[in-house]
Amino acid sequence: MKFDRFLHGGDYNPEQWFENGDYKEPIEADIIKLKESGINFVTVGVFNWAIINPSEDNYNFEYMDYAVKRYSEEGFDIIMSTPTGGFPNWLKKKYPSINRVDSNGIRRTLGDRHNHCYNSPDTRREISKINEVIAQRYKDSKITLWHISNEMQGQCFCKHCQNEFQNWLKEKYQTIEKLNFDWNMNFWSHTYNDFSEINPPFDFGDGSNPCMRLAWTRFNTYSAVQMYNHEVQAIHKYVPSAKHTTNLCYGLGHNFNYHTLAKHMDIVSWDSYHEWHRNDDWETAMYGILNFDLMRGMKQQNFFLMESTPNTANWRYASKNKREKMNEITSLLSIAFGSQSVGYFQMKRSRNHAEMFHSAVIDDFVAKNRFTRELKELGDKLAVMTEILDTEVKNDIAIIFDYEIRDIINYNVGPRKIGGMQYCEYFEEVHQSFIKKGVNVDVVNLNCDLTKYKALVIPMHFMLSDKQIEMLEKLAAAGTKLYITAFTGITDSENNLRRGGLEPRFAKLLGHDLVEYEAIYDEDYSVVELNGETTKTKIFHEYKELHQGTVSLCKYDFDLYDNTPMITRNNNVVHFGAIVCGEVVANLVTSDLKLVTTESKILKATRENKAVAFDFYFNFTKEELSANAQGTCIFSNQYIENPIIKPYDYLIVKRGK
């Protein structure tokens, strides 16, 4: 999607403030205050179903009409949200099947949010109804983007979902015999005779089978995609050209498979909440970069920052205020790594209820609000940065992350029960090892265009399908360097162990046969000696027998397999037979690609097009740091070379290509 300016704004819920039916006065007052804060877009309609549709077939759009009209007249971009993140009580009372059933088989009562069943016919019908009414009403308004629901999440165990799950399984496996084989249901004599016998993994039922749990997780993503597309279809009935998104919020954490959901969006949106000023802000910034890389990689394009907080989030361990200029530097960090916007929750602070201590742009509950000034300063700078909109982040290295790999590793019993295999933690470690060296990377999965990269890092990709193995063969043959860690390709895409240890083509690609493997205790390790550096292995060892032509780069000094190959190279493929620290991986990749690295704590990013590049430099430390920067400062228009960047400050320079 293309925008003509960086959007700066967020969720606007004026209905929380109406008294005695008066909506014009608070809306007009808010327009003034939001302009004073440098805001140029508002998202309307989030969680307003009850006020615009107070009872069946009774609609009241009076305040929405006024808000859309006035904000449009004042030059604000409008993002129109469907109200389906929270259902009105009258609707759930009339149609109880809308309420979710939990994993104990208990139907939820009224209240909370995201508690509606995606597969209930009542849910589908009522969502179509309200969305079509909204789309028809605002089809001629200037809407920049349609925001579908809000932070989609959760699962339901009702009869509708159970039936849909059974139908989904039947379509996937075709026969019950195929499902029984792939799930190995002869184990414990749990063989199914018909798809109708299969239950979801209730807490009081069979949740011990990792294949069932993986299938249920896949089905929940399927249900979310169906619901998302169902909502979009209702919008497109009256606004065929409507661009749409929904806000993702969990990053690496447990939720739907975001890669699958993102395929159906026009632009990926992200809710960015990081815990500043608790630990090392430099480390926190790197975790922020990981999430930005993840969101940008969903569609391999720039993303939309839908939510952040101008100050505090109420649900943290402690709600600590952002220090001076912190919102500015963190917001621009997101832009440096691909955001086209800076969005907040919310525009006006709630006077009570669940998020009354969550900060907002308009905050009438403090005598002096320094953030009005700071937000205005950020808004002014964003207005100067318009040229950057037509640029993107380009990297030669990608790290593979996969939600299904995360899930199946957690669902499997072993090989390392206590402490786990730490898939997400290890992925984060590898990612940050590159960032610490001043080398930026993309974060993608194996189901996208990988031909653009010079190198792929594939950590602990436990399941590999035959199709993915074939794709990796072609990439390596074409010159892409592959860096594959232990615990990769152990099973096929259905979690079935590969006979002989590795699929034959994968063994040929790696250049070795797998002799055996083991998880290790924390106190067990082998020393890793590579390129003059010494570290230790952890978590998991694989022992291998090399094919002819495969070179050993590092050997074990461990126990039964002392002096056998650990890290090996077969043409364009490097295999780490043990889980080694992320720094070892990053060092080998950057050395092979002959990349210039740095040990500076300056965090750097570049957005570019064919003509120009914009380099961003960030200092999230309490010390002055020197930046290896040359270019014209986009704010002062002065040429800068090797400047000193003050603590919690940044620099953006432009240079020709």
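This is a short tutorial dialogue on reading pockets, burial and charge pairs in a predicted model.

User: Before we start, what should I keep in mind about the numbering and the pLDDT limits?

Analyst: Residues are numbered from 1 along each chain as its sequence is written, and side-chain values use heavy atoms, with hydrogens and water left out. The model is predicted, so local features need pLDDT of at least 70 and side-chain atom pairs count only at pLDDT 80 or more, while totals for chains, interfaces and linings use all residues.

User: Okay, salt bridges. How many does a search of the whole structure find?

Analyst: Side chains of opposite charge can pair when their charged atoms come close. Here the cut-off is a side-chain nitrogen of Lys or Arg within 4 Å of a carboxyl oxygen of Asp or Glu. The search finds 46 salt bridges. One of them joins Lys 35 and Glu 74, at 2.5 Å from N to O. Lys 35 lies in helix 1 (residues 24–36) and Glu 74 in the loop between helix 3 (62–73) and strand 3, so this pair ties together parts 39 residues apart in sequence. Helices (H or I, at least four residues) and strands (E, at least two) are DSSP runs, numbered from the N terminus.

User: Which parts does the pair Glu 404 and Arg 218 tie together?

Analyst: Those side chains meet in a salt bridge of 2.9 Å, N to O. Glu 404 sits in helix 13 (residues 403–411) and Arg 218 in helix 8 (residues 210–236), so the linked parts are 186 residues apart in sequence. For accessibility, buried means under 20% relative accessible area, exposed over 50%, and partly exposed in between (1.4 Å probe, protein chains only). Arg 218 counts as buried because its relative accessibility is 14%, whereas Glu 404, at 22%, counts as partly exposed.

User: What about Glu 542, a buried residue with no salt bridge?

Analyst: Glu 542 is in strand 16 (residues 533–546). The nearest side chain of opposite charge is Lys 544, 6.3 Å away; Lys and Arg count as positive, Asp and Glu as negative, and His and the chain ends are not counted. The side chain of Glu 542 does make a polar contact of 3.4 Å with that of His 575. That term means a pair of N or O atoms within 3.5 Å; within protein, one must be able to donate a hydrogen and the other to accept it, and residues adjacent in sequence count only if both atoms are side-chain atoms.

User: Now empty space: what is the volume of the largest pocket?

Analyst: Rolling a probe the size of a water molecule over the atoms shows where empty space is left. On a 1 Å grid over the protein atoms alone, a cavity is a set of points where a 1.4 Å probe fits but cannot get out; a pocket is an open set with protein on both sides within 12 Å along at least five of seven lines, and lining residues have an atom within 4 Å of a point. Grid points are joined across faces, edges and corners, and a volume is the space filled by probe spheres set on the points. The largest pocket comes to about 920 Å³. Of its 26 lining residues, the closest to the centre are Gln 16, Phe 47, Asp 112, His 353 and Ala 354. Helix 2 gives the most to this lining, with three residues.

User: And which elements line the largest cavity?

Analyst: Strand 15 (527–530), strand 16 and helix 17 (582–592) each supply at least two residues. The volume of this cavity is about 70 Å³. Helix 17 is largely enclosed by the rest of the structure because nine of its 11 residues are buried.
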